[in-house]
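Visitor: I should like to learn how to read the features of a structural model, one at a time. Where shall we begin?

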Amino acid sequence: MIGAAGTSTTVITASAPLSDIGHWARGSGLEVVLLVTGAVLLTRLATWLGDRVTSRIDVPATGTDRVVRTEAAKHRHAVAQVVTWVVLVIVYCLTAVLVLQRFGVPLTGFVAPATIVGVALGFGAQRVVQDILAGFFIIAERQYGFGDLVRLLVAGGPPAGSTGTVEEVTLRITRIRTTSGEVVTTSNGQIVQVINLSRDWARAIVDVPIPATADLTTVSDLLNRVGAEAYADETLHALLLDAPTVMGVESMDLDEFKIRVVARTQPGRQFEVGRTLRARIGTALLREGIIVPTDLDTAAPTSS
């Protein structure tokens, strides 16, 4: 009797926690599962909507947009990326708070420790706050957007900076891809100067080295003719804002002088136009019997 009674008491004591766990699983536990599932679905929905919005923005609507994105489209793309990023952060933070509540963790008890941790993080995470503020002003001031060709000068980085096409802009980082295919990720707070090579319009500058024995008038007329033919070309006409202009003699050496040709182009297309102009100019000069030195270069392209 005593042994049986003892055994019965033990079974009742052990089954009580099991019933509590089952009750919690049917109540708060189920809510935790639903919260986590809902957070996953919401983040996926936000990411899907962000991708749909950015893809709709990138779809060319007019003839000029097929050549280059408009400034408004670049800005809208950057804003869509930032909004998607903010939504994901908010969903994750709210889900974490609600899950802790379902586990019975008293959030009021975290007020004092959170204050101390917040002060410590305020000193240690100054760079993160600086990155977010810098990213906010980059987006608000439309310094650059998705698809822009930019040169970023970073504090403590190489003097020449990094040049590439913007692939992603968030409140914390900017990601660009260089012409060699490298992906460069830079914290917004570390960017000290931005050179936008694709804002509104750009310039392709070609310095043509000519032998000192050549006739300047003949060469200038030839270059003007090459510029007119390039502007009349159907492919180049879509990239040029006006006909290339011969600016005159840029520099003189003992055995040669350089004549500068300038062409205003669609933003971000100055490199393509410069390569094509060099090929056309070299072919035209050789056709006229003028031997061009091998250092026919394009000067540093500029933008507005």
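Guide: Let us begin with a strand. Strand β6 (residues 202-211) is mostly covered, since nine of its 10 residues are buried. Please bear in mind that this is a predicted model.

Visitor: Which strand is joined to β6, and how many bridges join them?

Guide: The partner is strand β8 (residues 256-265), and 10 bridges join β6 to β8. The two strands run antiparallel. As one example of the register, V206 stands opposite V261 in β8.

Visitor: How should I read a single residue of that strand, for instance I205 in β6? Is I205 buried or exposed?

Guide: The cut-off for buried is a relative accessible area under 20%. I205 has 5% relative accessibility, and therefore counts as buried. One may then ask what lies across from such a residue in space. I205 and V273 are 68 residues apart in sequence, yet their C-alpha atoms are 9.4 Å apart. V273 is one of the buried residues of helix α7.

Visitor: How is a helix such as α7 to be read, and what span does α7 reach?

Guide: Helix α7 covers residues 270-287, 18 residues in all, and reaches 25 Å from its first C-alpha to its last. That is close to the 26 Å expected at 1.5 Å a residue.

Visitor: Which residues of α7 are buried, and why do they lie on the same side?

Guide: The general idea comes first. An α-helix has 3.6 residues a turn, so residues three or four places apart point the same way. In the present case, the buried residues of α7 are Q270, V273, G274, L277, I281, G282, A284 and L285. They cover an arc of only 165 degrees around the axis, which puts them on the same side of α7. On the other side of α7, R275, L286 and R287 are exposed.

Visitor: What follows just after α7?

Guide: Just after α7, G289 takes a positive phi of about 85 degrees.

Visitor: Which residue has a positive phi although it is not a glycine?

Guide: That residue is R142, with a phi of about 55 degrees. R142 is found in the loop between α4 (126-140) and β1 (149-154). Its relative accessible area is 44%, so R142 is partly exposed.

Visitor: I should like to turn to rings. How many aromatic pairs are counted?

Guide: The count comes to one aromatic pair. To read such a pair, one considers the distance between ring centres and the angle between the planes; planes over 60 degrees apart count as edge-to-face. F136 and F137 form an edge-to-face pair, at 5.4 Å centre to centre and with 75 degrees between the planes. F136 is partly exposed, with a relative accessible area of 49%, and F137 is partly exposed as well, at 41%.

Visitor: Which residue lies over the face of W201?

Guide: R264 lies over the face of W201, at 5.2 Å from the ring centre.

Visitor: Where is L241 placed, and how far is its C-alpha atom from that of A263?

Guide: L241 is in the loop between α6 (234-237) and β7 (245-252). The C-alpha atoms of L241 and A263 are separated by 8.0 Å, with the two residues 22 apart along the chain. L241 is partly exposed, with a relative accessible area of 32%.

Visitor: Finally, how should I read a database annotation against the model? Where does UniProt place the feature "transmembrane region"?

Guide: The unreviewed UniProt entry places "transmembrane region" at residues 78-99 and 105-125. One then compares the annotated range with the modelled chain. Over residues 78-99 the chain is 100% helix and 0% strand, and the end C-alpha atoms are 32 Å apart.

Note on methods: Residues are numbered from 1 along each chain as its sequence is written. This is a predicted model: local features need pLDDT of at least 70, side-chain atom pairs count only at pLDDT 80 or more; totals for chains, interfaces and linings use all residues. Side-chain values use heavy atoms; hydrogens and water are left out. UniProt positions are given in the numbering used here, feature names are shortened, and annotations may be inferred rather than shown by experiment. Helices (H or I, at least four residues) and strands (E, at least two) are DSSP runs, numbered from the N terminus. The expected span of a helix is 1.5 Å times one less than its number of residues. Buried means under 20% relative accessible area, exposed over 50%, partly exposed in between (1.4 Å probe, protein chains only). The arc is that of the directions from the helix axis to the C-beta atoms. Two strands pair if DSSP finds at least two bridges between them. Rings of Phe, Tyr and Trp (its six-membered ring) pair if their centres lie within 6.5 Å; planes under 30 degrees apart count as stacked, over 60 as edge-to-face and the rest as tilted. A charge sits over a ring if NZ of Lys or CZ of Arg is within 6 Å of the ring centre and within 35 degrees of the ring normal.
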